[in-house]
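Okay, thanks for making time for this one. I'll put the structure up and talk through the strands, then a couple of loops and side chains.

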Amino acid sequence: ASTIGIGTAVPFPSDGPTSGAATRLTPSTFTLPAIGSYEVSWVISVDEAGQLGLMLNGVMVPYSVVGRATGTNALDGHCIIATTGANSVLSVVNPAGNSTALTVTPIAGGTSAVGVVLTIKLL
């Protein structure tokens, strides 16, 4: 379990397969090396009602924010973003101004650990 503070980025603890569309800078930030359009998807199980969205070069992408008012389902986002400069920096964040930190659910619905998943595709 980890906590995603208000205004902070989601840490992704390990890498899956990569194709060169993005590279990891830190556990929470990724570089998009090419100028272009990217398809970005994420699934993160959290315990609280809340929101997550994409931040690109330190600016929230307003149409990327997803959330839930109640329940215990995963926050699941999917959108296309465009970069205007090489080596743009991307992260999934708990938007500033939200009312609560989010707790990543380590085991949801069974006995296996639940991953936090981020997929970045250059289109």
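Before I get to the sheet, one bit of vocabulary: I call two strands paired if DSSP finds at least two bridges between them. And please keep in mind that this is a predicted model.

With that in hand, look at the open sheet of three strands, which has the order 8-4-11 with antiparallel pairing. Strand 8 and strand 11, residues 117-122, are the edge strands, and each pairs on one side only. On average, neighbouring strands in this sheet are turned by 10 degrees against each other, ignoring direction. Take strand 4, residues 37-44: six bridges join it to strand 11, and the two run antiparallel. If you want a residue pair to click on, Val40 has Ile120 in strand 11 as its bridge partner.

Now let's zoom out. The protein has zero helices and 11 strands, so reading from the N terminus you just get β-β-β-β-β-β-β-β-β-β-β. How confident is the predictor? The average pLDDT of the protein is 91, and 99% of the residues score at least 70. Confidence is lowest in strand 10, residues 102-103, with a mean of 90, and highest in strand 9, at 98.

On overall dimensions, the C-alpha trace spans about 40 × 30 × 20 Å along its principal axes. The radius of gyration is 14 Å, which agrees with the value near 14 Å that a compact globule of 123 residues would have. Of those 123 residues, 36% count as buried. And here's a number I like: among contacts with a separation of 6 or more, 71% are between residues 24 or more positions apart.

Okay, strand 9. Is strand 9 largely enclosed or left open by the rest of the structure? Five of its six residues are buried, so strand 9 is largely enclosed. As for its partners, strand 3, residues 30-32, pairs with strand 9 in the antiparallel sense over three bridges, and there Thr31 has Val89 as its bridge partner. Strand 5 pairs with strand 9 too, antiparallel, over four bridges. Two of the residue pairs to look for are Leu56 with Leu90 and Gly53 with Val93.

That takes us to strand 5, where five of the seven residues are buried, so this strand is also largely enclosed by the rest of the structure. Besides strand 9, strand 5 pairs antiparallel with strand 7, residues 66-68, over three bridges; Gln51 is the bridge partner of Gly67 there. Strand 5 and strand 6 pair antiparallel over two bridges, with Met55 opposite Met60.

While we're on strand 5, have a look at Leu52, which sits in that strand. What does Leu52 touch, once you leave aside its neighbours within four places in sequence? Its contacts include Val10, Trp42, Ile44, Val66, Leu75, Val92 and Leu102. Leu52 counts as buried because its relative accessibility is 0%, and the cut-off for buried is under 20%. For a sense of scale, Leu52 and Leu32 are 20 residues apart in sequence and 20 Å apart in space, C-alpha to C-alpha.

Next, the backbone oddities. Most residues other than glycine have a negative phi. So which way do two of our asparagines go? Asn57 has a phi near 55 degrees, a positive value in a non-glycine residue. You'll find Asn57 in the loop between strand 5 (50-56) and strand 6 (59-60), and that hairpin has two residues between the strands. Asn57 is partly exposed, at 46% relative accessible area. The other one is Asn87, which has a positive phi of about 60 degrees although it is not a glycine. Asn87 is in the loop between strand 8 (75-82) and strand 9 (88-93).

Last stop, charges. How many salt bridges do we count? Just one. Asp15 forms a salt bridge with Arg24, and the closest N and O atoms are 2.6 Å apart. Asp15 is exposed, with a relative accessible area of 52%, while Arg24 is partly exposed, at 30%.

That's my tour. Who wants to start?

Technical notes: Residues numbered from 1 in each chain as written. Predicted model: local features only at pLDDT ≥ 70, side-chain atom pairs only at ≥ 80, totals over all residues. Heavy atoms only, no water. Salt bridge = Lys/Arg side-chain N within 4 Å of Asp/Glu carboxyl O. Buried < 20%, exposed > 50% of the residue type's maximum accessible area, 1.4 Å probe, protein only. pLDDT = per-residue confidence, 0-100. Axes fitted to C-alpha atoms, helices over the stretch in contact; angles between N-to-C directions. Rg over C-alpha atoms; globule rule 2.2 N^0.38 Å. Contact = heavy atoms within 4.5 Å.
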